[in-house]
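Visitor: I should like a close look at one part of this protein, namely its nonpolar interior. Please set it in the context of the chain and of the helix packing.

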Amino acid sequence: MREIKNDLTPRQIVTELDKYIIGQKDAKRNVAIALRNRWRRMNVKEEIQGEIVPNNILLIGSTGVGKTEIARRLAKIADAPFTKVEASKFTEVGYVGRDVESMVRDLVEQAVNMVKIAKKEEVKEKAAEVVEGIILDALIPPLKGTPNAYATKIGSDEPENEVELNEQTRARFREKIRNGELDDRKIEIDVTSNPSGNVGMVGGGMDEASMINIQEMIGNMMPKKKKKRKVTISEARKILLEEEAAKMIDMDEVKDEAIFKAENTGIIFIDEVDKIAKGGDNGKGPDVSREGVQRDLLPIVEGSAVNTKYGIINTDHILFVAAGAFHFSKPSDLIPELQGRFPIRVELENLTKEDFLRILTEPKNALTKQYEALVAAEEVKLSFQDEALESLAEMAFQINEEVENIGARRLHTVMSKLLNEILFDIPDTIGPNAQILIDKEMVQEKLAGLVKDKDLSRYIL
């Protein structure tokens, strides 16, 4: 029986999420339990294993409070395939925007890529040896003949014949290739060019899965061509390593593993689910389309078999996380069958001034750390005073309250406005080894216009 490797406890999962997401304790606890339950399911008796279905989660909260980030980080922690779709994409005019099943096909594609990367890592050393040989052959082609005399004559420094001299030269160049001494030298290599299988079909009546299968079949039938390219040894190593590693991978094994991974650990995040909730009681117009989308989503969430180009995938044990702001509708506006498939509902809290301050400083990917790293690339040191960060948090919170609440995304606005001039002046005016300190006065001076004009922003497109 295959196993799900990730065995973090719910408490450890929350600790990992805390490194990137501030607050939202309830949401973190619920997704942590859902993730741990997947590991538990794989370790129960087989006869009941198939009966245990995941408790899908509905996250309710304003934009920018961390709904998507929680689901994305959860997938990374679990090393699970993850795909995000917007429910509103399925309500486009003519209902041809996207097929609902496409989200499952996207998930399988993610799973295949993840398994491929893992398999390539396993054969990386073996592939590197083959690549080294190809590069060496391009630099110093081997001479035809058997160097038997060289094999028997050990201890002699003088080469006896051309074959022996060739072998010694190749040995020296092999060492240089390994040390990276020849990385900038150009060589000519044969690269496989994949034939284009994108063939347009006239007429309707064909779904997306059938179209993909036909295109792949045509692509496989067309012969793969080799073309010569002149590249540096450094580039050649990357190109050839990819090709040789791909040759060593058993694609049937990759497909089997990917299907298993997608079925048992996959996470599908359905955003803007409130946009397909019935907003009125007239039963006409867009509401009919929205209800149609809900009914199309229902079999996928309930559990069904979806045809993909890698095989059939069952969605029974995929974890679905739906999210929406629900400003103009309520979760109860969804059709009862769909409501029943999202038994766990978590309401995310709006961010406070204190949350904004913590977001600026605590997470591993905090905006302040990102900007410090960006200017450090230009050998400039950027630092923030505590009072400056407090002032930034207060301004972001204030603008959210009075204009439009876009959550933590507001921090991107204020930080960009604050550092715009500095980022423009580096490195022309502000050279290497400069030190820039952002203090409270600078924050208030740079952002005064942003706060003063917040009422105008309501009317400016």
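Guide: The account below begins with the whole chain and then turns to the interior, a helix pair and two single residues.

This is a predicted model, in which local features need pLDDT of at least 70 and side-chain atom pairs count only at pLDDT 80 or more, while totals for chains, interfaces and linings use all residues. Residues are numbered from 1 along each chain as its sequence is written, and side-chain values use heavy atoms, with hydrogens and water left out.

The protein chain has 18 helices and 11 strands; these are DSSP runs numbered from the N terminus, helices being H or I of at least four residues and strands E of at least two. Of its 461 residues, 39% count as buried (under 20% relative accessible area, with exposed over 50% and partly exposed in between, for a 1.4 Å probe and protein chains only).

In soluble globular proteins, nonpolar side chains tend to be buried together. Here the largest nonpolar core comprises 57 residues; such a core is a set of buried Ala, Val, Leu, Ile, Met, Phe, Trp, Tyr and Cys residues joined through side-chain atoms within 4.5 Å. The residues with the most contacts inside this core are L59, L392, L419 and I438. Helix α16 (residues 386–402) gives the most to this core, with seven residues. A second, separate core has 39 residues, among them L58, V85, V273 and I318.

Leaving aside neighbours within four places in sequence, L59 is in contact (heavy atoms within 4.5 Å) with residues including A27, F269, V321 and L348.

As for helix packing, α1 (residues 10–18) and α2 (residues 25–42) pack at an angle of about 130°, their axes 8 Å apart. Axes are lines fitted to C-alpha atoms, for helices over the stretch in contact, and angles run from 0 to 180 degrees between N-to-C directions. The two helices are therefore oblique to each other, a class that takes the angles left once under 35 degrees counts as roughly parallel, over 145 as roughly antiparallel and 65 to 115 as roughly perpendicular. On the α1 side, the contact is made by P10, I13, V14, L17 and D18.

Two single residues complete the view. I359 lies in helix α14 (residues 353–361) and counts as buried at 18% relative accessibility. Beyond four places in sequence, I359 touches I22, L351, A366, A408 and L411. T232, in strand β4 (residues 225–232), is buried with a relative accessible area of 14%.
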